[in-house]
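Below are some questions about how terms are applied to a structure. Each answer sets a value against a definition.

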Number of protein chains: 2
Amino acid sequence: MQPEGHHLIGRTITQGSGAPITALNPATGESLTPTWSASTLNDVDTACRLAEEACDAYRETSLEDRARFLETVAEEIDALGDALTERAVAESGLPEARIQGERGRTCNQLRLFARVVRDGNWLDARIDPAQPERAPMPRPDLRQRSIALGPVAVFGASNFPLAFSVAGGDTASALAAGCPVVVKAHNAHPGTCELIGRAIAAAVNRCNLPEGVFSLLYDADTEVGQALVSHPAIKAAGFTGSRKGGLALWNLAHTRAEPIPFYAEMSSINPVFVLPEALEARTKALAEGFVGSLNMGAGQFCTSPGLLIAREGPALNRFIEHAAQALKEQPAHTMLTPGIHKSYEQGAAALAGHPNVREIAHGETTSAPNACRPRLFITRAEAVLNDRALQEEVFGASSLIVECASQEEMRALARALEGQLTATLQMEEADHDDAAKLLPTLERRAGRVMANGWPTGVEVCDAMVHGGPFPSTSDSRTTSVGTKAIERFLRPVCYQDIPDALLPTALREGNPLSLTRLVDGQRAQ
Amino acid sequence: MQPEGHHLIGRTITQGSGAPITALNPATGESLTPTWSASTLNDVDTACRLAEEACDAYRETSLEDRARFLETVAEEIDALGDALTERAVAESGLPEARIQGERGRTCNQLRLFARVVRDGNWLDARIDPAQPERAPMPRPDLRQRSIALGPVAVFGASNFPLAFSVAGGDTASALAAGCPVVVKAHNAHPGTCELIGRAIAAAVNRCNLPEGVFSLLYDADTEVGQALVSHPAIKAAGFTGSRKGGLALWNLAHTRAEPIPFYAEMSSINPVFVLPEALEARTKALAEGFVGSLNMGAGQFCTSPGLLIAREGPALNRFIEHAAQALKEQPAHTMLTPGIHKSYEQGAAALAGHPNVREIAHGETTSAPNACRPRLFITRAEAVLNDRALQEEVFGASSLIVECASQEEMRALARALEGQLTATLQMEEADHDDAAKLLPTLERRAGRVMANGWPTGVEVCDAMVHGGPFPSTSDSRTTSVGTKAIERFLRPVCYQDIPDALLPTALREGNPLSLTRLVDGQRAQ
């Protein structure tokens, strides 16, 4: 199957009639065929109405049927074969092995959510039985479960054309929660979007679900996205991208007549704190690990280590030498889009021109289009403490080493950090006291705190948190990766004295779904 | 103990220096002593800084210590004796029995949250153990728990001077989650606030907690409240009150440099759908129950039945006659404040003057100050469908009966409703088919769906939801009553490869807290 320039509005697979959209191979600069036409505002309205029409039926599908649907989406993505990989490689400039891995992750993520749907703990079923004899007032029968918020809008990321895009984490968790999904395709990979969209639409069809469960729209600029977030039928939205884009849509979501939750995953510089004993004991290995992490995928990860904090002294000087040496040997990877490449060049140039920042090293220069030359900078802690601009994310393979005069200053820097997706400690056992003093601050500042690794690499599992305080995301109470993400798209409803025959199955007498339920304050099955 | 006109900033019990604040007995119109002075912006800053300083220590108190603290608050409130009841009666105009009941509920609520804290399920502990042999990439050790968001601002309600005020649901759930709390006292009951505040401060002291765990500020107008929501140390806020006040603060919470969750419980008209067989079978009992519910506490409940929807015809005509008769015999209860009384008069007058609304009956007239004469109006479904103004809450003992031409029109009306705290069905078994058609709509529109009762009366338990879609609250994903409220003030954090000695106790090997944890996808203890 090849993309045909179509958008998908329920089961209607057709061409849009708005402005043209064409994909580019960032590695060659060449245009790819076909051309899409942007969806119209009428298309947005149709997709959202279909989603609303599908909502009551879809959110009451049985756990087994919904889980099978998610698995069917994964099967249909598998069935796309090499055409998907080839298209995603051409549109993203990412290596084939990376796209293969991301494809596996995308399908595993759907299958993981199928497991979550089946076990039903997300329903958070609670029962407080009636106490008709209680004085002075009898207690009614009260039962609670979580239900789907309603149709969800998804805005995928450029940097994960599969795992954070049309069938990515937001779509998987929203569908798992029982929410129909309307996706706005990312213009950096419109063909990949269409192929994946067709796989989801095929699964909707195979599973006999209402067509409005899934639609895929295209936008030439921002009009379709804005209309989508503003549509009354949409009850929540997920976004992964820039702070500017995220905040603009977040603002719309909060100023519409009925404000809705808007989950934006935006920007993070992922500080790495190298504690003294670790710096001394593993100087070279740390320097090389750091450089490998910062240049991986041209640094185009939300969790790329953009800040490395260490104590000044001979060990740090040796670290810097090793890092500089390692960086000089690093290739320049192709960036995802000319726009991202341009932003990277501007951001890195701003750092280079900052009066308190010095460039330590840069990677190989190349004339290939959209190539990201990795760059490493250094500054002092007081400069970061005095200038918020030094905490701005430079999306790409750039990082800033921060020299601290003391462990006290390192802790002051931790306290001054904005919200982050991750915070990393490099430490030896002799550093544990220092680490213990930093940890309370780091867990207030970040969604994931890690030791002796690099932040790039986000496992999809129950315990993952890919989230964090503002501005890393718009809502620190949730995660966009891992099974807890299903909670984003749910709200609790209480049923008081509703006759058993009218209760949702999850709450009926006899526990027909064999759920673990909280009954009179005790977990019961 | 009597109130002394003090605010409480940590352990500093002192007079403010702002504009004067005096309480009023709404039943007599007389001023009460003493006089408070509003807190200053400097006081706000001090209270918030103390809260931030207390945060790391307080959020890491053991489950047992934190539960004991909540129980100690309840003990200290019990120890306030009759002085508290007398003051609350004088300030609210509510009957003594009601205040006694509310006082018991407030203490029970604190004790219920102590149970919740002890069982530790709110930590949502998850462990995905390392898989060092996994190919192509080993899996790190990943663990997750929920932590306190940080200091919380609480704005209590006028209509529950105990259960929704200084030591009410928001304070109890925030303290349970490990968040220090800064309360803005309600000016309708400043003395009650001070007494309760002293009880909490005494408990902080007895439990050797850092003083910043609790502060109580006073505001003459809106300056202190606005500064509180805007303070960088405050990481979430709870509010119960009017839509206007709630939205103004909600807006501030979302436009500050770091936006924060703002949980506003605002307005709801709590539709009651009387289905045909129930209307026929229980005409008189329903009419009397309805009138009793609407005039209870002068209708000053968030869940007062402001809309009753039924099919036109002889049964409804009989219902209306009975309701009118019952209403005429209803006394006029004192309202909480002159401001609320004035708003009620205006709102009821607007309904009375609406071209499509007719008054059916009103209660006894009295010359007592701030007395709420109950009023009952009628209109047709098409009028409500065509005019959003007829969905506006009139806070007080007023309700609007809506005549529908058909069950189809009743369902159309349900779909046109704004978000509600509750939706009620009055039904017999023969109404079940009708009810089943309404339920999917009602659970999308309301936080609590009930049968054959009246919405006034909110049980504090695990299964309660006192929340609902906008505009009944600002965030339908939560509840302000019941144990699930603890989740409002938590966020998940992931710990990757953190050495056991540095892990939070909840996540350590050997499960020292004996929690139920999700380990490798399975519940384990």
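Q: Why does Cys48(B) count as buried?
A: This is a predicted model, in which local features need pLDDT of at least 70, side-chain atom pairs count only at pLDDT 80 or more, and totals for chains, interfaces and linings use all residues. Residues are numbered from 1 along each chain as its sequence is written, chains are lettered from A and ligands numbered from 1 in the order in which they are written, and side-chain values use heavy atoms, leaving out hydrogens and water. Buried means under 20% relative accessible area, exposed over 50%, and partly exposed in between (1.4 Å probe, protein chains only). Cys48(B) has 0% relative accessibility, so Cys48(B) is buried.

Q: Why is Cys48(A) not bonded to the closest cysteine sulfur?
A: A disulfide is a pair of cysteine sulfur atoms within 2.5 Å. The sulfur of Cys48(A) lies 12 Å from that of Cys55(A), which is too far for a bond. Cys48(B) is in no disulfide either, with the sulfur of Cys55(B) 12 Å away. Over all chains, the search finds zero disulfides.

Q: How do you know that the span of helix H2 of chain B agrees with the expected one?
A: Helices are DSSP runs (H or I, at least four residues), numbered from the N terminus. The expected span is 1.5 Å times one less than the number of residues. For the 16 residues 63-78, that gives 22 Å; the end C-alpha atoms are 23 Å apart, so the two agree.

Q: What do the buried residues of H2(B) pack against?
A: Buried residues of this helix include Leu63(B), Phe69(B) and Ile77(B). Contact means heavy atoms within 4.5 Å. The buried residues of H2(B) pack against helices H1, H3, H4, H5 and H6 of chain B.

Conventions:
Helix = DSSP H or I, 4+ residues; strand = E, 2+ residues; numbered from the N terminus.
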